[in-house]
Amino acid sequence: MEKLKSIIPDPLKQIISESNPDDLSFTCSSLLEFFNHLPLFHQMVRDLTDPEMGLCAKNKEAALKDKAKGNECFSKRDYPNALHFYSQALRVAPTDAEDMEKNLVGMLYVNRASALHKMGLFLECLRDSSRALTISPSSAKAWFRRAKANASLGNYKDATEDLNVSLKMETSLNGKRQIESELRMILDQSKQISGMLEEPNDGNSEILGDEPLQIKLHSVCTATKGRGMASLSDIPQATLIHKEDPYAAIILKQCRDTHCHFCFNELPADTVPCTSCSVPLYCSVQCQLQAGGYDLCNHLRRCEFPENLSDELEDYVRQVTSVGIFSSNNEHSAEHRHECQGVHWPAVLPSDIVLASRVMMRYTQQQGHCSVDFNIHGILDLCHNYGKLSPESKLELHIYSIILSYCLEHICELKLLRSAVIASQIVILLSQIRVNSMAIVRMKIPDLKGRLDHDITSTVEQVRVGQAVYAVGSFFNHSCQPNVHAYFLSRTLYVRATEFVATGHELELSYGPQVGQCACKDRQQLLKDRYLFICQCSGCARLNPSDLFISAYRCTKPNCYGVVLDGCVAKYEKQKLNNSCGTLETRRTLKQKADMLDDDIKKVAHHLFRQTCQNGQCEPGRCWSCGSYHDIEASRATIVKAEICVSRLQEAIASNGVPFTALLDALKSIDILRMHLHPYNKRIAEVEDNVAQAFCLVGDLQAALDHCRASVEILEKLYDPNHIVIGNELIKLISVQLSMGHDIAADDLDRLAAIFSRYYGSHAEIIFPHLQYLKQRNLQTS
């Protein structure tokens, strides 16, 4: 990319940098003409599209090498590494490859099943054994391994059937004796213990609550935000208002080896590779099929069932070897199939560029052909901000649009895709994706049933795993104080009201930054950089306590809770103050709101809304309540020194060893911060959380709990006390309480349940699986 950029003539770069949407046909035509005469460009296209140059094709030799390494590890009882090498071999093994006259993929599944069984992963072992049997139904070893897994899971009936089939397949006398011995043992165990396990689902195991949509939404047009979404009726809090599968989606590069490439859930130990290339990994055969896999299915349909079986056993074999395969109803667009050509442009190009290719391929599949009639407006009715892009971004989009058109040409086998018209359409599509696509996230939450490690106060986080385009979901506008919450189960988008929303009121979700997360100036800059708009939501246009507290300094007057702001923050807040105090009616509304605030905030808010609205003068360094002066520069110098101790503590936490002196210095730093910063400044909350982590490391859990609560008390002033961020903090508190062996505070658990119900409704226990466990635990101890 950088080489291509450097070669493009400056006059052409200038034309592209100054272009608007109406100019795209000309700019794309000019760049395409330049690239057509550039050997470097054609070499780059060959590297991306020539299967002989690709690094993503299947490779039998590489698979055999990894298989041999796995066997060596298994013989040394190094089962985790054996699992790793068998999985890597499966990723690159061709489906039709043979080793010692047996199907290589089938052998690898059996070998990996053995490693999984040794590691105590019996359900995963069962699934791998079944996958081996879909390929090689006559494999006595696979049937035997499946029997061992079923027996370990207490499913003795199926284990017996597996051994009966294995006995029919085994040809050696010693092998038959081993199977007969295992069969007698399982029959004895089944008499003592009766248990049944349902057939493992080789599909997406996530069970979704069947919650109906009862709210009708419609598109509205607003003066400041353009098109948005509103309701035709009142919406109660926690109501599910929208559910949608993506038009196209793609996993982020950093998650390729950790999350399923279709449903985006965490990968299990028994990963399923793509059947045609070595890039994607899936959590199940069902996900692999829905993403576009087909070679293995074709192979399965050619398999014949073993001979000399009774009708009963033949039915059983048919049931085992067809589970989850022939029943697959692929309602998706087989989004990965066009990428399975042995080429590596899908693995090399940025995720949003490959996502654009998936959008285009789905559209062409719907149309039934690729043609020059391709029209971006016929795909998704989404806005774009191409005219506001930086010159660098405009140039990148032009280059990637032409590269992508050449890559797709090899799939569609039509030179029509090389046209400037198509390239200009791709530029617009990429612009739409950049401002309309949504990040699919997963909540990383600790396993509260298991052993808690020392880092229990920093285990709740959101992990971005994918990027997707939702045709309707993209219509929801942003607010830094949203009234709806978006979340994902598998790849499906759910939108739920987090408060009562009156008929006709706009439904707004957060694109990332929210009030309480960062200061107004930082939120606006982030949204401008990422989405190319200046936020004018209620949180950015009107005064709110959080934006005053979050980075404020302390008033020098004792017992005064007024805020002292630096020049940059004061500029934004004074503008909001002017907007808020424009009319007498607005001032009355603000005073009414002040009366509704809790006592601590009222100490600031009453003076703020009653006095400053009259004079409009809130100078930097002056207390917004009493007018006292605070030397901000002197405080900054002192705080910088205190932050050095905090940084040392953070480094010690990262290394899992906290010296006592570092902890003492950090405690002194908190005292210094509290002397200079406002009591509700977010930096104090962050340092309190750091100190809580440190106390966990040194084993003083009571001190950790105290500092964790101190952090939460500040965050409750910056966010709504029932905000999901507070819910995540409560998980930390509960983690510490459990680690101490204490009962969970009933108030903490009730609040946690209420918050998760508000944001996730009937899906709360899917998002946080241990919620029911915690409720039952408290009932048992109460």
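## Confidence in the model

The structure shown above is a predicted model, and its chain averages a pLDDT of 85, with 84% of the residues scoring at least 70. Confidence varies along the chain: helix H6 (residues 79-92) has the highest value, at 97, whereas helix H13 (residues 295-302) has the lowest, at a mean of 49.

Two short stretches deserve a careful reader's attention. Over residues 451-455 the pLDDT stays under 50, and the model gives these residues eight contacts beyond four places in sequence. Residues 612-616 also have a pLDDT below 50, and this stretch has ten contacts in the model beyond near neighbours in sequence. Where pLDDT is low, the predicted coordinates should not be read in detail.

## The chain as a whole

The chain contains 32 helices and 16 strands, and of its 782 residues 54% are buried. When contacts between residues at least 6 apart in sequence are considered, 71% of them join residues that are at least 24 apart. One example of separation along the sequence is given by Lys-732 and Ile-445, which stand 287 residues apart in sequence, while their C-alpha atoms are 9.6 Å apart in space. Lys-732 belongs to helix H29 (residues 724-740), and with a relative accessible area of 8% this lysine is buried.

## Two nonpolar cores

The largest nonpolar core is made of 77 residues, and Phe-35 and Phe-41 are the ones with the most contacts inside it. Helix H17 (residues 391-412) provides the largest share of this core, with ten residues. Once its neighbours within four places in sequence are set aside, Phe-35 touches Leu-4, Ile-8, Phe-41, His-42, Ile-399 and Ile-402. Apart from this core lies another, of 75 residues, which includes Ala-552, Tyr-553, Ala-570 and Ile-731.

## Helix H25 in detail

What length should helix H25 (residues 632-654) have, given its number of residues? With 1.5 Å for each residue, its 23 residues should span 33 Å, and the end C-alpha atoms are 32 Å apart, so the expected and modelled values agree.

The buried residues of H25 are Ile-632, Ser-635, Ile-639, Ala-642, Glu-643, Cys-645, Val-646, Leu-649, Ala-652 and Ile-653. An α-helix has 3.6 residues a turn, so residues three or four places apart point the same way. The elements that cover the buried residues of H25 include strand E15 (553-554), strand E16 (563-564), helix H26 (660-676) and helix H27 (682-698). At the N-terminal end, H25 is capped by Asp-631, which has a side-chain oxygen 3.4 Å from the backbone nitrogen of Glu-633. After H25 comes Asn-656, with a positive phi near 60°.

## Cysteines without disulfides

A disulfide is a covalent bond between the sulfur atoms of two cysteines. How many disulfides does the model have? The count comes to zero, although some cysteine sulfurs can be compared with the cut-off, which requires a pair within 2.5 Å. Cys-277 is in no disulfide, and the nearest cysteine sulfur, belonging to Cys-274, is 3.8 Å away. Cys-277 counts as buried because its relative accessibility is 2%.

Why does Cys-626 form no bond with Cys-555? Their sulfurs are 3.5 Å apart, and although Cys-555 holds the closest cysteine sulfur to that of Cys-626, this is too far for a bond. Cys-626 has a relative accessible area of 33%, which means that it is partly exposed.

## Residues in loops

Met-100 lies in the loop between strand E1 (98-99) and strand E2 (102-103), and it has a positive phi of about 55° although it is not a glycine. Glu-101 has its place in the loop between E1 and E2 as well, and its phi, near 65°, is a positive value in a residue other than glycine. Met-100 counts as exposed because its relative accessibility is 63%, and Glu-101 counts as exposed at 75% relative accessibility.

Is His-261 buried or exposed? This histidine is found in the loop between strand E6 (248-251) and strand E7 (272-273), and at 8% relative accessibility His-261 counts as buried. A polar atom of the His-261 side chain lies 2.9 Å from the backbone oxygen of Arg-256. Leaving aside neighbours within four places in sequence, the residues in contact with His-261 are Ile-251, Arg-256, Val-279, Pro-280, Leu-281, Tyr-282 and Glu-335.

Methods: Residues are numbered from 1 along each chain as its sequence is written. This is a predicted model: local features need pLDDT of at least 70, side-chain atom pairs count only at pLDDT 80 or more; totals for chains, interfaces and linings use all residues. Side-chain values use heavy atoms; hydrogens and water are left out. Helices (H or I, at least four residues) and strands (E, at least two) are DSSP runs, numbered from the N terminus. The expected span of a helix is 1.5 Å times one less than its number of residues. Buried means under 20% relative accessible area, exposed over 50%, partly exposed in between (1.4 Å probe, protein chains only). Contact means heavy atoms within 4.5 Å. A polar contact is a pair of N or O atoms within 3.5 Å; within protein, one must be able to donate a hydrogen and the other to accept it, and residues adjacent in sequence count only if both atoms are side-chain atoms. pLDDT is the predictor's confidence in each residue, from 0 to 100. A nonpolar core is a set of buried Ala, Val, Leu, Ile, Met, Phe, Trp, Tyr and Cys residues joined through side-chain atoms within 4.5 Å.
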